[in-house]
Amino acid sequence: MKHLSDQELMRIVQAGDYSPASEIYDRYSGRIYNFAFRFLKNAEAAEDATQEVFVKMMRHANQFNGDAKLSTWLFSITANWCRDYLRKADNKVKESEDVLVTLPAPTEFAPDRNLEQRENAERVRRALNALTAEQREAILLSRYQGLSYAEIAQIAGCSEGAVKTRVFRAMETLKKTLTGEVSGGGRCLNVVQ
Amino acid sequence: MRESMPLLLTESLDPARRELTHQHIETCDLCGPEWSAYKETWMVMGDLPEVDVPARVKAQFLEGMGVVEKRTDNVVPFHRRPAFKWVAQAAAVVVLAGGSYFAGRENAPAIPSRDAEITGVRPRDITPVSLAETRELDAEALSPNIQGRPDITNVQFVDSNPDGEISVSFDVSSRWTVKGNPKDKSIVRLLSYVLENDATPRSNAMEWVRRTYSDPAYADPEIANALAKVLQNDTHEGVRIRAVEALTMLPPAVASETRDALIQALKSDPNPAVRIKAVEALANLTKSGTVLDPAMVDTLREKASQNDENLYVRVKAAEALSHIKP
């Protein structure tokens, strides 16, 4: 199965054969889980999200358009799941750092991650948590998943312009939190045409 | 102008606007520091580690879909076993054979019962026994004394053949300790196998290998090649990242294998975090004066100019190129 493309694997699934399930899972589960974990700030919910996203992918395989990227489709399903989760939680997802501290990722405490990296990771986590869900979704997909603004817009169900605004605002907040850099009184109003 | 900076970071500007924006930033007293802060933020964000997906998620997903993972056919009439188990099986056979040898040669009383392990048995004293998934042993080579209580399972019996011999086949588990110098080929080969087989927690294995084999006295290309295989084949990006980190700590004597593996990861790893690790390592190598062959330089050039590549990868590829002396 490893030599088959995403589209070829999905065609097999669309024909009713679930045998590519494991291969597709291996290709994308890491990205899906990490996105959900960072978005929801909750490892248990991220596990549920990952499992349900792949189940949904298999059961609704016929909805997959072969011209599209499988990753974009999977992230769409994941983002929807995460937004539903946050809504159901009445936007009261635990913001407590304790949740994150008690659910560490194994790699985060690896001995070869130096103290500075671990401290930075903690700062980044806090900074991401301070963003709105929309901003967090956009920056996670952009920075950590390398998706284009067009793909993020498709996933988030908004315009590319809205994605640019969300990423910009997220970056402004992150910059202030992570570098202590506060834009001074002067602001360049130059616009590159 | 500030609104354009995230677009620069994410490579979302067309080439003309990108060039103009960079030109402006270089000459603007307000935008220069702002751009530096954006880049620093982007960089620090890279310190957020990847998280491994718990194995139960996959198991539950596949179970829910009624999918059984296919395994490679095995011609051996036993169930396929994870590596550690057959190592243990082979170990037990060695222990039993070794015990028999010593008991017979030295006419010594039976070794007191204790956990089976090879300690203090020098290769020069016995014929080296290779690890194998299955092994046949003549009864006369097996001591009648069984040490400790090895767990024997999956027993099969074969009736007597024309020579009147019967056979008993079984799996046996016991603890095996192999001692030796890190340069011993048997140790190197064993570690390579352990690294390449997914029955072991490879992150731990790689960390241990990294610590041990970063000593120049123990440089061995087989270790580098084993890490390269992990980097190429492992499905978990966290493990692949650890492989990159381990490779970068190997001594210069295996720099060639390390370079090849890093370039390959940069070219073809599907995860940007792994490519970032690989290109960072390559940038450090070129900075320290390591020479790359023309094909590797071409790969770095391709990455530096690849529009749909992660920006940080591109920047680091360019940085690596800048250290290469013409």
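**Notebook: helix packing and the A–B interface**

I first looked up where helix H9(B) touches helix H11(B): Glu237(B), Arg240(B), Ile241(B), Val244(B), Glu245(B) and Thr248(B) of H9(B) meet Ala273(B), Val274(B), Lys277(B), Ala278(B) and Ala281(B) of H11(B). I note that the model I am reading is predicted.

**Entry on H9(B) and H11(B)**

I sorted the residues of this contact by class and recorded six nonpolar, one polar and four charged. I then looked up the geometry: H9(B) spans residues 237-248 and H11(B) spans residues 272-287, and their axes lie 9 Å apart at an angle of about 5°. Angles under 35 degrees count as roughly parallel, and therefore H9(B) is entered as roughly parallel to H11(B).

**Entry on H8(B) and H10(B)**

At what angle do the axes of H8(B) and H10(B) cross? I found roughly 5°, and the axes come within 9 Å; here H8(B) covers residues 221-233 and H10(B) covers residues 255-268. I therefore entered H8(B) as roughly parallel to H10(B). From H8(B), the contact is made by Pro221(B), Ala224(B), Asn225(B), Ala228(B) and Leu231(B). From H10(B), I listed Glu257(B), Ala261(B) and Ala265(B). By class, the residues of this contact are six nonpolar, one polar and one charged.

**Entry on the interface of chains A and B**

I next turned to the two chains together. The size of an interface is often given as the accessible area lost when the parts come together. For chain A and chain B, I recorded a buried area of about 5,300 Å², with 62% of it on carbon and sulfur atoms. Chain A brings 55 residues to the contact and chain B brings 54 residues.

How many salt bridges link chain A and chain B? I noted four salt bridges. I looked up the salt bridge between Asp26(A) and Lys58(B), in which the closest N and O atoms are 2.8 Å apart. I also recorded 13 residue pairs in polar contact across the interface, both residues of a pair being at pLDDT 80 or more.

**Entry on the side of chain A that touches chain B**

Which helix of chain A gives the most to this side? I found that H2(A) does, with eleven residues. The helices that each supply at least two residues are H2 (21-40), H3 (43-59), H6 (115-129), H7 (133-144) and H9 (160-179) of chain A. Sorted by class, the side of chain A that touches chain B holds 24 nonpolar, 15 polar and 16 charged residues.

How values were computed
Residues are numbered from 1 along each chain as its sequence is written. Chains are lettered from A and ligands numbered from 1 in the order in which they are written. This is a predicted model: local features need pLDDT of at least 70, side-chain atom pairs count only at pLDDT 80 or more; totals for chains, interfaces and linings use all residues. Side-chain values use heavy atoms; hydrogens and water are left out. Axes are lines fitted to C-alpha atoms, for helices over the stretch in contact, and angles run from 0 to 180 degrees between N-to-C directions. Helices (H or I, at least four residues) and strands (E, at least two) are DSSP runs, numbered from the N terminus. Angles under 35 degrees count as roughly parallel, over 145 as roughly antiparallel, 65 to 115 as roughly perpendicular and the rest as oblique. Contact means heavy atoms within 4.5 Å. Ala, Val, Leu, Ile, Met, Phe, Trp, Tyr, Cys and Pro count as nonpolar, Asp, Glu, Lys and Arg as charged, and the others, Gly among them, as polar. Buried area is the accessible area (1.4 Å probe) that two parts lose on being put together, summed over both. A salt bridge is a side-chain nitrogen of Lys or Arg within 4 Å of a carboxyl oxygen of Asp or Glu. A polar contact is a pair of N or O atoms within 3.5 Å; within protein, one must be able to donate a hydrogen and the other to accept it, and residues adjacent in sequence count only if both atoms are side-chain atoms.
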